[in-house]
Amino acid sequence: MAWKIELDISRCCACGACAIACMDQNDIDLSTGVRPYRTVFREETRRTGEIRYYSMACMHCDNAPCVTACPSGCLYKDPETGLTLYNTQYCIGCHSCAMACPFGAPTFGPDGKMRKCDGCIDRLRAGLEPACVRSCTFGALQLVKADEDPVPPEHSLVAQCRELAESQK
Amino acid sequence: YSKGKIPGAESGIEIRHSVCDICTPGMHCGLDVYVKDGKVIKVEGTPDHPQNKGKLCTKGLGNRQYLYREDRILTPLRRMGERGEGKFEPISWDEAIDTIAEKLLSAREEYGAHRVAFYSGYSKWYRFMFRRFAGDYGSQNYGTESSSCFTSGLMAWQLTSGYAMRTDLGKTNLFIGWGANSYFSRYPMIGSMENGKKRGMKILIIDPRITPTTRRLADLHLRPHLGTDGALALAIAHVLIENDWIDRAYIDRYVHGFEEYAAYVREFTPEKGEELTGVPAEQIRQAAAMIHEAGSFCINESSAPIGHHLNGLQNYRAMMALLVITGNVDRAGGQLPGPHTYMERYCGFETREEHFMEERYPHDAPKAVGAGRFPLWYDLRHDMQANDLTDNILRQDENSVKVLFALGMNYRMFPQDGRLAEAFGKLDFFVDVDLFLTDTAKYADIVLPACTSMERGEFKCYPGGYAWYTNPVVEPLGESKSDCEILTLLARRMKMDDELLCAGYEACIKYIIQDLPITVEELRAAEGPIKVPGVTPYEVGSILERGVNTPTGKLELYSERIAAHPEWGLDALPTYRPPYNPDPEQYPFLLCAGTRIPNALHSRLHDVPWERSLLPDPVVEMSMEDAERLGIELGDPVEITTSVGSLTFQALPTATVQPGEVYIYHGYRELDINSILDGAALDPYSGFPAYRSACCNVRRK
């Protein structure tokens with residue numbers, strides 16, 4: 001089954017519960033300088049007074065620029081789940097993926113190797129939700145089937161990011 | 001760890017059940033703790049737990065790092081350096097308990113029991129035993145951080161109805177979220193509000209700021225200036241009375257003091273309300289019309305936002321008077337009596353917790369600290385108003401506290417907290433029990449290591465008639481012990497004449513739940529909270545019918561309890577006073593200290609790296625208009641000056657804040673906003689600090 005991690009922007013309040021759950025799941029040790037895989041933020045548009053809240057991690061793009069950019073075969077699309085996965089054994093620490101990613105998803109550990117959200121692939125395979133989705137109190141983060149769009153495009157982070165990624169091509 | 005931390009025989013990861021006690025027993029959400037080889041490796045919310053139904057907040061999800069925080073104390077410690085310096089040496093439990101027991105016994109001989117104070121910060125699970133301990137010892141000087149939290153609202157209800165109250169949110173037609181932003185605090189309420197909206201419930205949010213709650217859930221959002229809630233309530237009442245949108249029959253039968261109240265309210269026209277609160281008169285009329293059209297409504301109970309003002313308790317009474325005059329107290333969809341079952345929480349059944357504490361209360365001992373300064377507090381609470389402790393110690397007279405025994409004390413919770421730190425220096429002996437070597441613990445002579453909820457077993461109750469007795473999910477770290485075990489060790493060593501305390505926590509719980517048709521053993525065997533057999537839903541209206549617990553037996557808009565004591569100098573009606581500002585020209589801004597952020601609760605999560613990473617630097621939120629006028633951009637250093645001192649924060653200009661107001665979170669040791677708040681600015685009714693309507697100046701540094 002192919003999946004995507006969707007954010008209903010109209011339900012997010014950037015409380016950061018997802019980010020903490022992600023760090024707990026992935027044993028993020030911030031003292032090593034590694035960046036968390038998931039970030040939340042509040043965006044205010046001064047002109048309109050509009051306020052939006054976001055939770056972002058790897059968007060698991062269909063035509064993932066990081067996979068295209070990766071010279072060493074570390075990053076790949078998982079045919080089963082549609083997620084963008086990686087095998088650090090092959091990572092050469094060149095940062096090409098970071099340059100290519102429109103969303104700033106890749107981060108690098110003290111070993112110089114890339115790491116990022118893997119959609120909690122092991123949990124998915126065990127029939128569990130990703131840690132971030134599992135933790136979201138307000139129903140903003142959702143695990144949805146890749147070919148379905150339950151969130152209207154104006155509230156869908158996936159739709160907005162798809163648009164952004166296309167515009168950068 | 002095994003890939004993905006998947007629980008099961010293959011990975012050796014087991015899910016065990018506990019509760020999160022980072023915040024108050026009013027929550028204590030169910031924790032699913034992933035344990036491998038005796039270590040916690042991950043936490044989640046327990047799916048079928050009645051409190052949190054599988055979810056946890058931003059704070060609760062940090063439980064693993066909280067449990068394994070680097071500064072966890074692992075042995076008893078004895079101070080070696082100066083107070084506050086942080087130099088300690090490990091000692092044995094025997095030596096620590098001997099030293100403390102001897103000192104407590106000799107202090108009673110030397111000074112008298114009243115010069116020994118017992119203080120509880122967080123957590124709170126042990127409080128019923130601690131209060132009894134203080135009573136056994138013979139001191140009324142048992143005090144808690146509830147001197148600044150929750151009690152103000154409770155006292156307002158004690159005056160009005162004699163009971164703690166709760167909302168009938170599931171049935172109401174209009175929910176008033178007065179100072180409620182549940183996205184950041186008390187998150188399960190968002191689900192209740194959303195469900196209410198689905199069945200046609202209206203929502204009125206009253207909050208100076210724009211929040212996710214005001215934007216997404218409010219049908220109407222009123223934005224009074226900080227600390228003016230009472231004036232707003234009185235102005236709404238004016239409109240209700242003027243239009244006769246009140247319940248005359250209910251008032252005649254159940255309410256005392258309506259005429260005096262109505263006469264007082266007459267001056268609070270919507271225009272006057274606008275002048276005092278900044279809320280347009282038209283919106284005040286609109287809110288009153290909403291109340292009238294709804295028929296039933298309830299107002300969220302508030303722990304801090306309403307109480308943290310000089311007129312906080314009176315403002316609370318004024319708000320709750322709206323329920324009284326419209327006949328919404330003890331009526332379906334309104335505010336219902338919520339007598340506390342256990343740990344200041346209504347769960348639908350009775351325990352003997354209150355009796356357990358009260359039967360050892362030292363009636364003949366000298367009155368508690370703060371009794372003279374805050375007579376209403378003392379009259380209703382019978383214990384120490386801890387906000388008077390600093391002055392009491394610094395006075396250095398024959399009634400000054402000389403010995404302080406504290407569990408989880410955080411001096412940064414006090415206004416002008418540097419004075420309390422100074423007062424610590426005047427103590428003969430100071431014990432603090434805590435998880436961490438906190439800034440407060442550094443002032444103690446002996447520090448004892450407590451353990452978290454995951455390392456102990458405890459009795460729990462939840463609304464809906466639920467009870468549970470948890471089991472530890474991991475061994476206590478190092479030599480740490482539960483707070484209650486520490487109290488029992490001391491009670492035994494001091495040979496207290498108290499079989500229950502000496503027998504220990506479980507014996508005390510057995511005593512408290514002896515009337516329930518369920519045992520500790522059954523509760524302990526359960527995987528989570530279970531229904532106590534035979535609990536029936538409250539029959540709405542029954543308490544009102546048999547007469548409420550006030551001097552007149554009626555709901556008192558005019559408090560006879562206050563009127564009986566003219567020497568207190570307090571008003572029997574819910575009168576209004578604006579926030580105090582000695583010099584509006586010098587201090588043109590109102591400062592709200594302690595406004596909730598999702599990733600912190602007081603100080604204890606500032607040192608949890610995951611939590612801190614969400615908002616690493618202390619910021620001051622201010623309006624775009626003020627920022628522009630003062631030439632302040634995002635991230636600029638901004639100096640906040642009060643009558644006590646100045647501190648410099650990073651600017652966070654935002655459209656969510658009104659001009660003339662600034663918001664700062666508390667508890668940062670490097671930028672502790674409470675350190676520059678006036679320690680004398682205390683509500684004369686409750687003793688609560690005016691944390692949320694202090695005056696200050698703001699400038700770019």
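This passage describes two interfaces in a predicted model: the one between chain B and chain A, and the one between domain 3 and domain 4 of chain B.

In the contact between the two chains, 45 residues of chain B meet 34 residues of chain A. The area that chain B and chain A bury between them is about 3,100 Å², and carbon and sulfur atoms account for 52% of that area. Charged pairing is found across this interface, where the rule identifies 8 salt bridges. One of the salt bridges joins B:Lys5 to A:Asp27, with a separation of 2.7 Å between the closest N and O atoms. Polar contacts across the interface of chain B and chain A, counted where both residues have pLDDT 80 or more, come to 26 residue pairs. On the side of chain B that touches chain A, the elements that give two or more residues are the strands β3 (39-45) and β25 (646-654), together with the helices α5 (188-198), α6 (212-216), α23 (609-614) and α24 (624-629). By residue class, this side of chain B is made up of 23 nonpolar, 9 polar and 13 charged residues.

Within chain B, the assignment distinguishes domain 1 (3-67), domain 2 (77-140 + 343-531), domain 3 (151-337) and domain 4 (589-700), with domain 2 given as two segments of the chain. The C-alpha centres of domain 3 and domain 4 of chain B are 27 Å apart, and the contact between these domains draws on 24 residues of domain 3 and 26 residues of domain 4. Together, domain 3 and domain 4 of chain B bury about 2,100 Å², with 59% of this area contributed by carbon and sulfur atoms. On the domain 3 side, the residues that lose the most area to domain 4 are B:Arg209, B:Leu226 and B:His308, which together provide 35% of what that side buries.

B:Arg209 also takes part in a salt bridge, its partner being B:Glu621, and the closest N and O atoms of this pair lie 2.9 Å apart. The rule finds 1 salt bridge across the interface of domain 3 and domain 4 of chain B, while the residue pairs in polar contact there, both at pLDDT 80 or more, number 12. At least two residues of the side of domain 3 that touches domain 4 come from each of the helices α4 (151-160) and α12 (312-325) of chain B. The residues of this side of domain 3 comprise 10 nonpolar, 12 polar and 2 charged.

Definitions and conventions: Residues numbered from 1 in each chain as written. Chains lettered and ligands numbered in written order. Predicted model: local features only at pLDDT ≥ 70, side-chain atom pairs only at ≥ 80, totals over all residues. Heavy atoms only, no water. Contact = heavy atoms within 4.5 Å. Buried area = accessible area lost by both parts, 1.4 Å probe. Salt bridge = Lys/Arg side-chain N within 4 Å of Asp/Glu carboxyl O. Polar contact = N/O pair within 3.5 Å; in protein donor to acceptor, adjacent residues only side chain to side chain. Helix = DSSP H or I, 4+ residues; strand = E, 2+ residues; numbered from the N terminus. Nonpolar A, V, L, I, M, F, W, Y, C, P; charged D, E, K, R; others polar. Domains from an automatic or database assignment.
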